Amino acid sequence: MLNILLLHPSFPAQWSHLAPYLARNPENTVLFASKENSINSQLPGVTLALYAKPTEAEEKYIEGCGPLRPAAEAVIEGQAVVRAMQWLAKERNFKPDVIIAHTGWGSTLYCKDLYPKVPIIGYFEWYYLAEDSDCYWWPDEVPQMSNRISIRTRNAHHLLNLELCEAGLTPTKWQYSQFPEEYKPKLHIIHEGIDTNFCSPDPSGKRPGLILEDINLNLPEGTEIITYVSRGFEIYRGFPYFMDAIRIVLQRRPKAHVIVVGKDRICYGAQLKDTTYLKEEEKKGGYDTERVHFVGLRNRGDFRKILRSSSCHIYLTRPFVLSWSFLEAMSFGCPIVGSKTPPVQEVMEDEVNGKLAEFRSPYHIARKIEEMLDDPERARLLGQRARETILERFELGKCLRAQEDLMYSLIR
């Protein structure tokens, strides 16, 4: 029998597939410790144990830490996790044989102090660099010394985690490339996996229309539908460039519609003061509210309907973590215009399984969208090849088995 402990401060996150997969094995007891279950989710066979969020005093302490704030947050998180593990050992008689955890928030920092011999698989999502990376990629972006200090300090708890874990997971080659050379032998490039059965083209073989009853949207089959998905409307995911591009496209294509999935917030990068990127679009002259539909965050059923209806899906990102939504759009067989940036180029080749556009050029993005819409048969072929890429490299079953094999390689 194997006791498996999964850690992530927000349930279920990266372990939404792995946790129930491991729990299907009757030899395993799978426990997931987390700080919150904001979507009120349940995973079959997985026991969820919630631990305490930071106290007011801890929050106040964190706020005063300046460049050390990420490290302070990680220390508070790590202490909360250890207290939870001590409680589980005492009250539930649960002691892990292996720990699988996202390291980004400090969850694993003190696990070795409680269980020195229990192997840890850390999920390493990103390592921060001041040059040739997400913050300062283009030649005109020059970090100041204060930026360099902040970025270097953000890695303090990442380095501690790289030191203490037996093995690490990182989902893409681009993300792997960011980490220090001396720790790369510990890291394994294994993606969480894409559910290609759920994320599949419409069974009819055709691109259907789109009906979203809650907002009285009914776009019939044959409508040109441009889609964009992002948890937040932010510069990291190219939102301002996307909006400029679709204004150009809609002027030229009076029957096209745009579906924007996401929330008016910033998840990655610096926050704006007293405004949002969507509010800034209003200052630039707004957009055609009859044809640009902001539909908010959507459940998985609606997400599938939207992507299956897409004539052209837009995915833009700075050189940063690759979004699940991009790979899922490929799995749906969407014709995709993606940014010519390293994380996208790792998966998408121009005119082979999609079209690449300059991240910061709305005119180039708009041109690529129109090329896709002007040639539906070519778009269909690019979408088909995109799905084939996902089936070959990111299919869920393959990824889960690789993660499971890594886990067993560390256990005596």
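## Buried and exposed charges

Buried means under 20% relative accessible area, exposed over 50%, and partly exposed in between. In this predicted model, Glu328 has 11% relative accessibility and therefore counts as buried. Its salt-bridge partner is Arg300, with an N to O distance of 2.9 Å between the side chains. The two sit in distant parts of the chain, 28 residues apart. Arg300 belongs to helix H10 (residues 300–308), and Glu328 to helix H11. At 39% relative accessibility, Arg300 counts as partly exposed.

## Salt bridges between loops

The structure holds 30 salt bridges. Side chains of opposite charge can pair when their charged atoms come close. One pair is Glu141 with Arg318, at 2.7 Å from N to O. Glu141 lies in the loop between strand E5 (120–123) and helix H5 (145–153). Arg318 lies in the loop between strand E13 (312–315) and helix H11 (324–331), so the salt bridge ties together parts that are 177 residues apart in sequence. Arg318 is buried, at 7% relative accessibility.

Lys340 and Glu358 form another salt bridge, at 3.3 Å from N to O. Lys340 is in the loop between strand E14 (336–339) and helix H12 (342–345). Glu358 is in the loop between strand E15 (355–357) and H13, so this pair ties together parts that are 18 residues apart in sequence. Both partners count as partly exposed: Lys340 has a relative accessible area of 39%, and Glu358 has 33% relative accessibility. Elsewhere, salt bridges with shared partners join Glu351, Lys355, Arg367, Lys368, Glu371 and Arg378 into one network.

## Helix H13 and its contacts

Helix H13 (residues 362–374) meets helix H8 (residues 239–252), with axes that come within 8 Å and cross at roughly 50°. That angle makes H8 oblique to H13. The crossing is right-handed. On the H8 side, the contact residues are Tyr241, Asp244, Ala245, Ile248, Val249 and Arg252. H13 supplies Pro362, Tyr363, Ile365, Ala366, Ile369 and Glu370. The contact of H8 with H13 has nine nonpolar residues, no polar ones and three charged ones.

H13 also meets helix H14 (residues 376–393). Here the axes come within 5 Å and cross at roughly 105°. The two helices are therefore roughly perpendicular to each other. Met372, Leu373 and Asp374 in H13 contact Pro376, Ala379 and Leu382 in H14. Five of these residues are nonpolar, none is polar and one is charged.

## Backbone exceptions

Most residues other than glycine have a negative phi, and most peptide bonds are trans. The loop between strand E1 (2–7) and helix H1 (18–23) holds Pro12. A cis peptide bond joins Phe11 to Pro12, with omega about -5°. Ala13 lies in the loop between E1 and H1 as well. Its phi is positive, about 50°, although Ala13 is not a glycine.

Asp274 is another non-glycine residue with a positive phi, near 60°. Asp274 lies in the loop between strand E11 (257–263) and helix H9 (277–283). At 72% relative accessibility, Asp274 counts as exposed.

Technical notes
Residues are numbered from 1 along each chain as its sequence is written. This is a predicted model: local features need pLDDT of at least 70, side-chain atom pairs count only at pLDDT 80 or more; totals for chains, interfaces and linings use all residues. Side-chain values use heavy atoms; hydrogens and water are left out. Axes are lines fitted to C-alpha atoms, for helices over the stretch in contact, and angles run from 0 to 180 degrees between N-to-C directions. Helices (H or I, at least four residues) and strands (E, at least two) are DSSP runs, numbered from the N terminus. Angles under 35 degrees count as roughly parallel, over 145 as roughly antiparallel, 65 to 115 as roughly perpendicular and the rest as oblique. A crossing is left-handed if the near helix is turned anticlockwise from the far one by less than a right angle, and right-handed if clockwise. Contact means heavy atoms within 4.5 Å. Ala, Val, Leu, Ile, Met, Phe, Trp, Tyr, Cys and Pro count as nonpolar, Asp, Glu, Lys and Arg as charged, and the others, Gly among them, as polar. A salt bridge is a side-chain nitrogen of Lys or Arg within 4 Å of a carboxyl oxygen of Asp or Glu. Buried means under 20% relative accessible area, exposed over 50%, partly exposed in between (1.4 Å probe, protein chains only).
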